[in-house]
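Work through the exercises below with the structure open. Try each task before you read its solution.

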Amino acid sequence: MWPFGETKQNETETVKAEIWAPLSGKIMALDQVPDPVFANELLGPGLAIYPTSGEILAPFDGEVTALFPTGHAIGLKSKAGVECLIHCGIDTVELKGKGFKVMVSQGDKVKIGSVLIKADLKLIASNGKNLATPIVITNSDQWSLELARKDGEVVAGEDVLFLAFPVQAKAKA
């Protein structure tokens, strides 16, 4: 294992970045998410997880690059440069922060498995919000994505969701 969740055998081989499950639950295809922005991959490719736990963890070692004041979404950048958006539920911005406890600040360095946000799933659902949580790669012009899992259950911090390869490296392979 190369530091920061990325693997590298030697200087001439392709670098791949691993993006781990940031929350536990059932995998959903993005096109099944009831929001056209995510379903049509307008923010990037990825998948969603319908959560069974409200703890959202860092999917890799990196930095918090965007943090919405309402706590419903967070942007991260890995050491290798993979940019990831985790959006907790659909239309949850309308809750104005209710049901979300943010555990980090913008600019913070995080380690894989660090708790980023604690979401009160019962409260969010009782307010009529869908809990589907999209996880998308927002700089897919620079990273090619391979889904490691397309369905089934995942456990936060224990299952790899994606492998990301630099676009130029994948093109040469």
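**Exercise 1.** Classify K129: is this residue buried or exposed? Then find its salt-bridge partner and place both residues.

*Solution.* Step 1: K129 has a relative accessible area of 15%. Buried means under 20%, exposed means over 50%, and partly exposed lies in between, with a 1.4 Å probe and protein chains only. K129 is therefore buried.

Step 2: a salt bridge needs a side-chain nitrogen of Lys or Arg within 4 Å of a carboxyl oxygen of Asp or Glu. The side chain of K129 meets that of E94, N to O, at 2.4 Å.

Step 3: E94 sits in the loop between β8 (83-87) and β9 (100-102). K129 sits in the loop between α2 (121-126) and β12 (133-137). The two are 35 residues apart, so this pair links distant parts of the chain. Helices (H or I, at least four residues) and strands (E, at least two) are DSSP runs, numbered from the N terminus.

A note on the model: it is predicted, so local features need pLDDT of at least 70 and side-chain atom pairs count only at pLDDT 80 or more, while totals for chains, interfaces and linings use all residues. Residues are numbered from 1 along each chain as its sequence is written, and side-chain values use heavy atoms, with hydrogens and water left out.

**Exercise 2.** How many salt bridges does the rule give? Describe the K109 and E63 pair and the D159 and R149 pair.

*Solution.* Step 1: the count is four salt bridges.

Step 2: K109 and E63 meet through their side chains at 3.1 Å, N to O. K109 belongs to strand β10 (residues 109-110), and E63 to strand β6 (residues 62-67). They are 46 residues apart, and the pair links distant parts of the chain. K109 is exposed at 60% relative accessible area. E63 is partly exposed at 29%.

Step 3: D159 and R149 meet at 3.6 Å, N to O. D159 lies in the loop between β14 (153-154) and β15 (160-166), and R149 in the loop between β13 (143-147) and β14, so the pair ties together parts that are ten residues apart in sequence. R149 is partly exposed, with a relative accessible area of 24%.

**Exercise 3.** In what order do the strands of the eight-stranded sheet run, and which strands are at its edges?

*Solution.* Step 1: strands pair if DSSP finds at least two bridges between them.

Step 2: the eight strands form an open sheet, in the order β10-β6-β7-β8-β12-β4-β3-β14. The pairing is antiparallel.

Step 3: β10 and β14 are the edge strands, each pairing on one side only.

Step 4: take one pair inside that order. β7 (residues 73-78) and β8 are antiparallel over five bridges. A73 has H87 of β8 as its bridge partner.

**Exercise 4.** Which strands pair with β15, and how many of its residues are buried?

*Solution.* Step 1: β2 (residues 16-20) pairs with β15 in the antiparallel sense over four bridges. Here I19 stands opposite F162.

Step 2: β13 and β15 also run antiparallel, joined by five bridges. Here E146 stands opposite L163.

Step 3: β15 is mostly covered, with seven of its seven residues buried.

**Exercise 5.** Which residues in the loop between β8 and β9 have a positive phi without being glycine?

*Solution.* Step 1: D91 lies in this loop. Its phi is positive, about 60°, although D91 is not a glycine. D91 is partly exposed at 39% relative accessibility.

Step 2: K96 lies in the loop between β8 and β9 too. Its phi is near 55°. K96 is exposed at 73%.

**Exercise 6.** What is the volume of the largest cavity, and which residues line it?

*Solution.* Step 1: on a 1 Å grid over the protein atoms alone, a cavity is a set of points where a 1.4 Å probe fits but cannot get out; lining residues have an atom within 4 Å of a point. Grid points are joined across faces, edges and corners, and the volume is the space filled by probe spheres set on the points.

Step 2: the structure holds one cavity of 30 Å³ or more. The largest cavity has a volume of about 60 Å³.

Step 3: its lining includes L23, P51, I56, C88, F100 and L131.

Notes
1 Å grid on protein atoms, 1.4 Å probe; cavity = no way out; pocket = protein on both sides within 12 Å on 5 of 7 lines; lining within 4 Å.
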